[in-house]
Every structure is written in structure tokens, then in C-alpha cells.
Amino acid sequence: MNNKMRCVLAILLAMTCISVNGEDPYLFYEWKVTYGTLSPLGVPQKVILINNQFPGPRINGTSNNNVHVNVFNQLDEPLLFTWNGIQQRKNSWQEGTLGTNCPIPPGTNYTYRFQVKDQIGSYYYYPTTGLLRAAGGYGPLTVVSRALIPVPFDKPEDDYTVLVGDWYTKSHTELRSMLDTGRGLGRPQGLVINGKSGKGDGKDEPMYTLTPGKTYRFRFCNVGMKDSINVRFQGHTMRLVEIEGSHVVQNVYDSLDIHLGQCLSVLVTADKEPKDYFIVASTRFTKEPHTATATIRYANSKSPASPQLPKAPEGWEWSLNQFRSFRWNLTNSAARPNPQGSYHYGKINISRTIKLVTSAGKVDGKLRYAINGISHVDPPTPIRLAQHYGVSDKVFKYDLIKDDYKPTGEDGQDKITLGPSVINGTWKSFVEFVIENPGKSVQSFHMSGYAFFAVSIEPGRWSPEKRKNYNLLDAVSRNTIQVYPNSFAVIMTALDNAGLWNIRSNSMEKHYLGQQFYLSVHAATVSLQDEYNMPDNNLLCGIVKDLPKPTPFRA
């Protein structure tokens with residue numbers, strides 16, 4: 001085989017789509033994860049690359065595709081990836097967190113194998129170990145509808161991803177050392193759009209090119225570590241069409257707040273004077289906002305963008321009102337042919353209410369974050385492996401977090417306890433989660449394994465009487481929710497996906513220092529209809545490292 005043929009074969013292996021024995025098509029990716037030196041904010045620093053790219057390559061699939069990602073860890077420390085927003089139906093083995101998986105050791109490889117079952121939408125992936133996320137390693141993951149499923153807008157001329165997030169100029173090892181020694185990270189040094197900050201001086205190369213009169217889809221994700229952001233197009237409005245896999249009522253906006261971990265899609269029509277324009281992103285709720293720009297260029301334009309940038313809104317009340325304007329499109333389909341509104345979540349009886357109160361404090365003089373007084377610590381043996389091998393009692397205790405938490409400390413907060421935090425969920429129950437934020441900054445939370453209905457965000461404290469204000473008709477089904485200062489948010493979901501699922505703060509500092517827990521959901525009887533077997537390539541570590549693998553179940 002000559003060198004040219006080898007190159008062609010390598011490209012085909014890196015991303016191939018085939019159908020096997022009538023199954024849904026397969027996508028195959030091969031990733032080499034390395035360090036490189038880049039200057040996202042103009043300062044050279046060590047960045048994590050995937051196939052020499054930052055951000056990493058786009059995973060672009062169709063509903064029900066099977067995705068295989070062979071990850072070669074060429075870093076100097078263990079590595080895991082999570083697929084933020086992919087529900088991993090019956091398959092928490094592929095979740096890629098330290099509660100579900102052993103990390104990939106340096107110099108080895110591991111293949112993730114998952115299906116984007118009954119999903120569409122805009123998502124992203126990122127590394128979950130050792131604060132590696134601060135060095136990059138993230139990239140877009142998009143899922144489009146099958147050909148026979150109607151989409152509530154005409155096919156756009158092109159489909160662009162826009163990964164926006166705050167950025168630190170310190171290395172991930174320096175930042176990790178700060179957290180390990182009990183300090184906070186402080187403010188990020190800037191913002192990046194697709195790994196670049198943009199000077200906004202008219203000299204930046206265009207990131208996107210538009211043809212006059214055509215309409216384009218832009219998929220935004222806030223991949224940052226600390227800050228909410230606001231995005232807007234200079235001289236153009238945005239028609240919102242999708243939030244985290246749900247088609248929404250298509251309102252038009254001048255700007256949109258996107259909180260940590262959140263993704264959404266807008267349509268923008270190139271109907272203005274042919275010239276350059278800026279996409280503008282800026283941090284929200286900060287004393288001194290950071291701003292980044294990306295240039296969009298009308299084809300054949302030679303006129304620079306105006307230096308006058310559109311301003312961001314002020315205050316979180318504006319943001320709350322915008323959240324309330326987001327509505328599920330009841331008449332349109334998503335991944336399935338039936339309309340989204342055919343699922344009447346508001347008519348389902350609540351079987352359990354779990355109240356979650358966030359807090360911060362010191363343990364042995366070091367900063368920790370907690371939920372209901374428990375600050376999660378990842379045990380050396382992943383929780384899901386401990387369950388599978390029948391050694392849970394040697395690794396963790398269930399339900400350290402109580403459903404109806406009431407702080408009893410003088411300052412309204414109990415002391416913080418460290419330990420693995422796992423809530424036992426009841427299979428196919430319909431659960432109401434109340435998240436209270438008594439702090440002074442906006443928080444954002446992600447639930448893996450599920451989409452939930454974001455039925456309420458209100459100032460103050462929650463009480464059962466607040467249920468009269470819930471949106472029980474057309475709340476958006478999504479996987480992240482923001483909680484404003486001294487406010488609460490309420491989400492609802494049916495626990496119909498067996499496995500172990502991470503509920504976490506999207507703030508990397510808070511997540512790293514314990515503001516997360518796991519939700520364990522298992523059917524009464526073990527069956528492949530409800531949950532897949534542990535993969536044959538699953539990595540082992542901790543106290544199960546040298547144990548024989550349990551016999552797979554077949555029914």
C-alpha cells in the first residue's frame with residue numbers, strides 16, 4: 001500500500017458512516033488527543049488538541065446513528081470525555097464521568113460506543129478529568145432529523161457551530177493547584193469564540209461567509225467555566241428555533257443570554273447591506289464584562305464592519321423575562337414523527353419532590369461547594385462499577401442527600417460533609433426537582449441521561465404554593481437550567497432511563513469542588529430491555545480492577 005492510499009484509508013477510518021445488518025448507520029471517529037501551543041487570548045499557552053484541532057472536530061450525526069469514537073490519550077494524565085446533552089439511553093456506561101467510568105490512562109486508547117437515540121439538536125463534548133476542560137479539548141456535537149421527519153423551517157444555506165466561553169490564561173495545572181489548595185479561580189481573563197478572541201478592529205479574517213439573501217443556522221453553546229454570556233449579531237436579528245434538542249416557538253430576538261452548558265440554534269438571514277458584520281459575545285452579571293467578536297462576511301464584500309458594537313442587556317431580571325418567553329413548539333416534531341406536544345407532562349402526577357439547596361464553605365480550611373450540605377468526592381472505584389460488581393457498600397452510601405433539606409446552621413447553612421453523593425431514584429417515577437440558589441451569582445445545572453421540563457424560575461424560596469405558577473403546558477424540554485441569585489428553579493422529568501446519571505453544576509470550579517451528585521435509576525428486574533450490559537472493552541480500576549467480569553445478562 002503506497003502513502004497516498006494510506007492517507008485515503010486514514011481519512012475514511014476517521015469518519016465513516018455505514019449500515020450493518022439493517023441497523024441504524026454507524027459513524028466512526030478516531031481521535032488523537034495531544035497538547036499544543038496556541039494563543040486564544042494572545043498569550044501562548046498549552047492547549048488540548050484533538051487531531052491537531054481546537055476546538056475539536058465536529059461530530060455530526062442523524063437521529064439514531066450509532067457513534068464510535070476511538071480516543072487515543074497522548075496527554076500526560078488520565079482522560080475522559082462526556083457528551084453533554086446526549087442521553088445515552090440505557091447506556092450510562094458511555095457517560096464519561098468519574099462516577100461511571102475509569103479514566104483512559106496516558107499512552108492508551110479507548111473506544112466510546114453510543115447511540116443518539118431519539119434525539120436531535122445542538123450539543124458539545126468536553127474532557128471531565130483533572131480540570132482538563134480549562135485547556136480546551138471541547139468540540140461540537142450536532143444531531144439532525146431523519147429525512148422523513150418534518151423540520152419546522154426550510155433547510156438553511158449552511159449550518160454553523162459557535163462555541164463561546166470564558167477563558168483563563170493560566171494553565172489547567174495551575175488552576176487545578178489553586179482549587180486543590182483551597183482557593184477559588186477568580187475571574188477569567190477573557191472570552192473566546194471557536195477558540196479565538198477577535199480583535200474587532202476590522203483586520204480579523206472572517207469566521208463565516210454569507211451569501212446575500214440566504215438564511216443560515218448558527219448553533220451556539222456556552223462552553224465556558226464560570227460566566228453566563230450574551231450573544232448578538234451586529235445589524236441582524238435572530239430567529240430562535242431550537243434549544244437543546246427541542247423545537248421552540250420561533251420568536252425573534254436582538255440578543256440571547258446563554259448560561260453555562262447551554263446550547264441553542266438561531267436562523268439569521270443575510271438581508272442587510274453586503275459588508276462585514278460582527279457576532280458579539282460578552283459576559284453577563286460581571287462588574288467588568290469581557291467581549292469577543294467574530295467576523296461574518298457577505299460574499300465579495302470589501303467593506304469592514306462598523307466598530308460600533310451592539311450593547312448587551314443589563315440585570316438578571318431581563319434574563320429571567322427572556323427565559324419565560326421560551327416556549328415548546330407543541331405542533332412540530334423533534335426526533336420522532338409525533339408532535340412534541342403529544343406528551344402531556346403537566347397531567348402526570350408528581351411522585352416525588354427533591355429539594356436541592358446549593359452552598360459554599362470551608363472544610364479543613366479549604367473551599368468546597370455542596371448540595372444539601374454534601375460535597376461530592378469521586379471514589380477511586382467508579383460508582384457504576386461498584387454497583388455492577390456488588391461492592392457498593394465498600395464504596396459509597398445511598399441518599400446522603402435528603403429530599404426535603406432544611407439548613408439548621410446559624411448562618412442558614414449546615415456544615416459541609418465530604419463523600420460520594422448518590423440519590424436512589426425509583427424506576428419510572430415522575431420527579432419534581434427544586435433547585436434553590438441562596439447565593440449572589442447565577443448558577444447553572446446539567447442533568448445527564450434525561451431531558452427535563454423547565455417549568456419555573458422565580459425569585460425567593462420555593463414552597464408547594466408556588467406550583468400554581470408552573471408552566472404545565474409548553475415548558476421547553478432541555479438538559480440545563482439556570483438559577484438566578486436568591487431564586488429557585490423547578491424541573492420535572494420521568495425517570496425512565498436506567499443507569500447512573502450525573503447532576504452537576506456547570507461551573508467547573510463548583511463542579512470540581514463537589515457541587516454535583518449522581519442519580520441511580522434501575523428497574524426492579526435486570527433486563528436488556530431496560531439497560532445494556534457493561535461493554536466488553538470497559539476499563540476497570542479501584543477495588544474491582546482484578547475481579548473477574550460478571551456474567552452478562554441476556555434477557
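Where is N64 found in this predicted model? N64 lies in the loop between β4 and β5 (66-73). The legends below begin with the chain as a whole and then turn to close-up views.

**Figure 1. Overall view of the protein chain, with five helices and 34 strands.** The C-alpha atoms occupy a box of roughly 70 × 65 × 50 Å along the principal axes. A compact globule of 555 residues would have a radius of gyration near 24 Å, and the 23 Å of the protein chain agrees with this. Of the 555 residues, 57% count as buried. Among contacts between residues at least 6 apart in sequence, 76% join residues at least 24 apart. The accessible surface amounts to about 22900 Å², and carbon and sulfur atoms account for 52% of that area. The chain carries 59 positive and 48 negative charges, whose mean positions are 1 Å apart.

**Figure 2. Close-up of the loop residue N64, which has a positive phi.** The phi angle of N64 is near 75°, a positive value in a residue other than glycine. The loop that holds N64 runs between β4 and β5 (66-73). The relative accessible area of N64 is 5%; the limit for a buried residue is under 20%, so N64 counts as buried.

**Figure 3. Close-up of N194, a further loop residue with a positive phi.** N194 is placed in the loop between β11 (190-193) and β12 (208-210). Its phi is near 50°, a positive value in a residue other than glycine. With a relative accessible area of 16%, N194 is buried.

**Figure 4. Close-up of the aromatic pair formed by F54 and W167.** The description of such a pair rests on two quantities, the distance of the ring centres and the angle of the planes. For F54 and W167 the centres are 5.6 Å apart and the planes stand at 45°, so the pair is tilted. The two rings link distant parts of the chain: F54 belongs to the loop between β3 (45-50) and β4 (59-62), W167 to strand β10 (residues 159-167), and 113 residues separate them. Both F54 and W167 are buried. F54 also takes part in a cis peptide bond with P55, for which omega is about -10°. P55 is likewise placed in the loop between β3 and β4.

**Figure 5. Close-up of the tilted aromatic pair of Y160 and F218.** The ring centres of Y160 and F218 lie 5.3 Å apart, with 50° between the planes. Y160 is in strand β10 and F218 in strand β13 (residues 215-222), so the pair ties together parts that are 58 residues apart in sequence. Y160 and F218 are both buried.

**Figure 6. Close-up of a cluster of aromatic residues.** Ring pairs join W31, F81, W83, Y110, Y112, F114 and Y125 into this cluster. The count of aromatic pairs in the model comes to 28.

**Figure 7. Close-up of A270 and its contacts.** A270 is situated in the loop between β19 (263-269) and β20 (276-283). Its relative accessible area is 2%, and A270 is buried. Apart from neighbours within four places in sequence, A270 is in contact with L210, T211, P212, G213, K214 and Y298. By contrast, K117 is 153 residues from A270 along the chain, and 34 Å separates the C-alpha atoms of the two residues.

**Figure 8. Close-up of E77 and its contacts.** E77 occupies a place in the loop between β5 and β6 (81-84). At 11% relative accessibility, E77 counts as buried. Neighbours within four places in sequence set aside, E77 is in contact with Y35, I104, P106, G130, L132, H172, T173 and R176. The C-alpha atoms of E77 and G107 are separated by 9.1 Å, the two residues being 30 apart along the chain.

**Figure 9. Close-up of S507 and its contacts.** S507 is found in the loop between β33 (499-505) and α5 (508-512). The relative accessibility of S507 is 8%, and the residue counts as buried. Beyond its neighbours within four places in sequence, S507 is in contact with M225 and L260.

Technical notes
Residues are numbered from 1 along each chain as its sequence is written. This is a predicted model: local features need pLDDT of at least 70, side-chain atom pairs count only at pLDDT 80 or more; totals for chains, interfaces and linings use all residues. Side-chain values use heavy atoms; hydrogens and water are left out. Helices (H or I, at least four residues) and strands (E, at least two) are DSSP runs, numbered from the N terminus. The radius of gyration is taken over C-alpha atoms; the globule rule is 2.2 Å times the number of residues to the power 0.38. Buried means under 20% relative accessible area, exposed over 50%, partly exposed in between (1.4 Å probe, protein chains only). Contact means heavy atoms within 4.5 Å. Accessible areas come from the Shrake-Rupley method with a 1.4 Å probe; for residues, only the protein chains shown count as cover. Lys and Arg count as positive and Asp and Glu as negative; His and the chain ends are not counted. The place of a charge is taken as NZ of Lys, CZ of Arg, CG of Asp or CD of Glu. Rings of Phe, Tyr and Trp (its six-membered ring) pair if their centres lie within 6.5 Å; planes under 30 degrees apart count as stacked, over 60 as edge-to-face and the rest as tilted.
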